[in-house]
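Open your viewer and get ready to pick residues one by one. This tour tells you what to select next and what you will find there.

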Amino acid sequence: MEITFQRQSLLEAVNQFIAATTTMDETILVPSLLRDVPLDKVCRYQDVYDYYQALKTVKNEIEWSLLRMEERGKRGHGLRSLNREVEEKQETDEDLEEQFHHHVKGLFVVLTKLTKKAYYLTDRYNREIRFESFAQ
């Protein structure tokens, strides 16, 4: 049974990001070819390879973050300490609802941008590979 989500839902944004980065991974067979390939615009990453690694890290964090938090919890970090922090903060329900909407909107925007970047990186890799194969 396949579950479908609203086009503008957070879960759909997560699914689209995971799909885009999976396509990126399947396309970019030799990531080291991205080293020293400059980005089209100035940003904090040195080259396309660094950007590729950042996208993979985000994907990995989305897929495994709760498991990692539970593992850290065994050492006194993670979910238990997070639960303690939540209990310590006394907030009204209105504040919580407002915070929730703010964070969901922010996460949706970030995931949408990251999805576009994963597609860009896949296209860029294809252009670089085609250019190199024509140059030889």
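Which backbone oxygen lies 3.1 Å from a polar atom of the side chain of T21? Select T21 and I18 together: the oxygen belongs to the backbone of I18. Before going further, keep in mind that this model is predicted.

**Stop 1: around T21**

Stay with T21, which sits in helix α1, the stretch of residues 10-27. Is T21 buried or exposed? T21 is buried, because its relative accessible area is 1%, and the cut-off for buried is under 20%. Now show what surrounds T21: apart from neighbours within four places in sequence, T21 is in contact with L55, K59 and A118. Keep K59 on display, since we will come back to this residue.

**Stop 2: the whole chain**

Zoom out and colour by secondary structure. You should find four helices and zero strands, and the order of elements from the N terminus is α-α-α-α. The protein has 136 residues, and buried ones make up 24% of them. What share of the contacts with a separation of 6 or more comes from residues 24 or more positions apart? Such residues account for 65% of those contacts. The next stop shows some examples of residues that are far apart in sequence.

**Stop 3: along helix α1**

Select L10, which is found in helix α1. L10 counts as partly exposed because its relative accessible area is 24%. Add V104, L107, F108 and L111 to the selection: L10 touches these residues, not counting those up to four places away in sequence. For a distance to try in the viewer, pick the C-alpha atoms of L10 and T112. They are 9.6 Å apart in space, although 102 residues separate the two in sequence.

Next select A13, also placed in helix α1. A13 is buried, with a relative accessible area of 3%. With residues up to four places away set aside, A13 touches F108, L111 and T115. Which distance separates the C-alpha atoms of A13 and L107? The answer is 8.9 Å, for a pair 94 residues apart along the chain.

**Stop 4: a salt-bridge network**

Side chains of opposite charge can pair when their charged atoms come close. How many salt bridges does the structure hold? There are two.

Select K56 and D25, whose side chains meet in a salt bridge at 3.5 Å, N to O. K56 lies in helix α2 and D25 in helix α1, so this pair ties together parts that are 31 residues apart in sequence. Both partners are partly exposed: K56 has a relative accessible area of 31%, and D25 has a relative accessibility of 24%.

Now bring K59 back into view. The side chains of K59 and D25 also meet in a salt bridge, at 3.7 Å, N to O. K59 is in helix α2 and D25 in helix α1, so this pair links parts 34 residues apart in sequence. K59 counts as buried, at 11% relative accessibility. Through shared partners, the salt bridges join D25, K56 and K59 into one network.

**Stop 5: a loop residue**

Move on to D36, in the loop between α1 and α2, the latter covering residues 48-73. Is D36 buried or exposed? D36 counts as exposed, because its relative accessibility is 70% and the cut-off for exposed is over 50%. Check the backbone angles here as well. Most residues other than glycine have a negative phi. The phi of D36, however, is near 65 degrees, a positive value in a residue other than glycine.

**Stop 6: a pocket**

Turn on the surface and look for the second largest pocket, with a volume of about 150 Å³. Which residues line this pocket? Select L39, D40, K41, C43, Y45, Y51, K117 and Y120. Sorted by class, this lining has five nonpolar, no polar and three charged residues.

**Stop 7: helix α4**

Finish at D123, found in helix α4, which covers residues 93-135. D123 is partly exposed, with a relative accessible area of 46%. For a last distance, pick the C-alpha atoms of D123 and I28: they are 9.9 Å apart in space, while the residues are 95 apart in sequence.

Methods: Residues are numbered from 1 along each chain as its sequence is written. This is a predicted model: local features need pLDDT of at least 70, side-chain atom pairs count only at pLDDT 80 or more; totals for chains, interfaces and linings use all residues. Side-chain values use heavy atoms; hydrogens and water are left out. Helices (H or I, at least four residues) and strands (E, at least two) are DSSP runs, numbered from the N terminus. Buried means under 20% relative accessible area, exposed over 50%, partly exposed in between (1.4 Å probe, protein chains only). A polar contact is a pair of N or O atoms within 3.5 Å; within protein, one must be able to donate a hydrogen and the other to accept it, and residues adjacent in sequence count only if both atoms are side-chain atoms. Contact means heavy atoms within 4.5 Å. On a 1 Å grid over the protein atoms alone, a cavity is a set of points where a 1.4 Å probe fits but cannot get out, and a pocket is an open set with protein on both sides within 12 Å along at least five of seven lines; lining residues have an atom within 4 Å of a point. Grid points are joined across faces, edges and corners, and a volume is the space filled by probe spheres set on the points. Ala, Val, Leu, Ile, Met, Phe, Trp, Tyr, Cys and Pro count as nonpolar, Asp, Glu, Lys and Arg as charged, and the others, Gly among them, as polar. A salt bridge is a side-chain nitrogen of Lys or Arg within 4 Å of a carboxyl oxygen of Asp or Glu.
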